[in-house]
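Student: Please walk me through this one, and show me how each label gets earned.

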Amino acid sequence: MAEKFEQGQVLTGKVTGIQPYGAFVALDEQVQGLVHISEVTHGFVKDISEHLSVGDEVKVKILDINEDSGKYSLSIRATEEAPAKPQNNQKQAVAATQEAPAGFNTLKDKLQDWIKQTEDKRN
């Protein structure tokens with residue numbers, strides 16, 4: 001079995017079954033593996049049936065081969081480039097919070113006045 005396929009290898013397989021926890025993918029006539037629901041795509045997958053169907057041909061990467069049980073752990077996500085993170089929106093949000101005077105900034109300014117008033121009353 002391990003002579004035929006290796007960990008890290010990228011192959012095309014065919015979805016043979018769908019379960020709530022993942023999809024079974026045939027690599028050839030004798031070998032099939034499981035793509036866990038967390039390995040289907042980047043991001044959260046609530047319902048695997050929205051992403052895969054029986055009969056679909058998918059590109060998978062072999063994550064692990066358990067020699068004793070003959071089980072293959074596969075990933076579709078590992079064959080895809082991760083989506084770019086929206087850096088511009090984050091920078092704009094940080095800039096907006098730094099510019100806008102908000103609750104604690106007002107308290108900070110007032111705190112100095114309150115300390116001065118308290119000291120004046122003591123003297």
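Tutor: Let's start with "pocket": on a 1 Å grid over the protein atoms alone, a pocket is an open set of points with protein on both sides within 12 Å along at least five of seven lines, whereas a cavity is a set where a 1.4 Å probe fits but cannot get out; lining residues have an atom within 4 Å of a point. The model is predicted, so local features need pLDDT of at least 70 and side-chain atom pairs count only at pLDDT 80 or more, while totals for chains, interfaces and linings use all residues. Residues are numbered from 1 along each chain as its sequence is written, and side-chain values use heavy atoms, with hydrogens and water left out.

Student: What volume does the largest pocket have, and what makes that number?

Tutor: About 150 Å³. Grid points are joined across faces, edges and corners, and the volume is the space filled by probe spheres set on them.

Student: Which residues line the largest pocket?

Tutor: There are 13, and Gly33, Leu34, Lys71, Tyr72 and Ser73 lie nearest the centre. The elements giving two or more residues to that lining are β3, β4 and β5 (71–75).

Student: What makes something a strand here, and how many strands and helices does the chain have?

Tutor: Strands (E, at least two residues) and helices (H or I, at least four) are DSSP runs, numbered from the N terminus. The chain has five strands and two helices, in the order β-β-β-β-β-α-α from the N terminus on. Strand β2, for one, covers residues 22–26, so it clears the two-residue minimum.

Student: How do you know which way β1 and β2 run and that they pair?

Tutor: Pairing takes at least two DSSP bridges between two strands. β1 (residues 10–19) and β2 share five and run antiparallel, so they pass the test. One of the partnerships is Gln19 with Gly22 in β2, and the two strands form a hairpin with two residues between them.

Student: What about β2 and β3?

Tutor: They are antiparallel too, over five bridges, with β3 at residues 32–36. Among the partners in β3 are Gly33 for Val25 and Val35 for Ala23. This hairpin has five residues between its strands.

Student: How many bridges join β3 to β5, and in which sense do they run?

Tutor: Two, and the strands are parallel. That just reaches the minimum of two, so β3 and β5 count as paired. Leu34 has Ser73 as its bridge partner in β5.

Student: Why is Phe5 called buried?

Tutor: Buried means under 20% relative accessible area, exposed means over 50%, and partly exposed is in between (1.4 Å probe, protein chains only). Phe5 has 7% relative accessibility, so it counts as buried. It sits in the segment before β1. Its contacts (heavy atoms within 4.5 Å), leaving out residues up to four places away in sequence, are with Leu11, Leu27, Asp28, Val31, Ile62, Ile65 and Tyr72. Phe5 and Leu27 are 22 residues apart along the chain, with 9.1 Å between their C-alpha atoms.

Student: And why does Glu39 count as buried?

Tutor: Its relative accessibility is 15%, so it falls below the cut-off too. Glu39 lies in the loop between β3 and β4 (57–66). Beyond four places along the sequence, Glu39 touches Leu63, Leu74, Ser75, Ile76 and Arg77.

Student: Which side chains of β3 are buried?

Tutor: Gly33 and Val35, which point to one face; Gln32, Leu34 and His36 point to the other and are not buried. In β2, four of the five residues are buried, and across the 123 residues of the chain the buried share is 24%.

Student: What makes a nonpolar core, and how many residues does the largest one have?

Tutor: A core is a set of buried Ala, Val, Leu, Ile, Met, Phe, Trp, Tyr and Cys residues joined through side-chain atoms within 4.5 Å. The largest has 20, and Leu27, Val60, Ile62, Tyr72 and Leu74 have the most contacts inside it. β1, β2, β4 and β5 each supply at least two of its residues, with the largest share, four, coming from β4. In soluble globular proteins, nonpolar side chains tend to be buried together.
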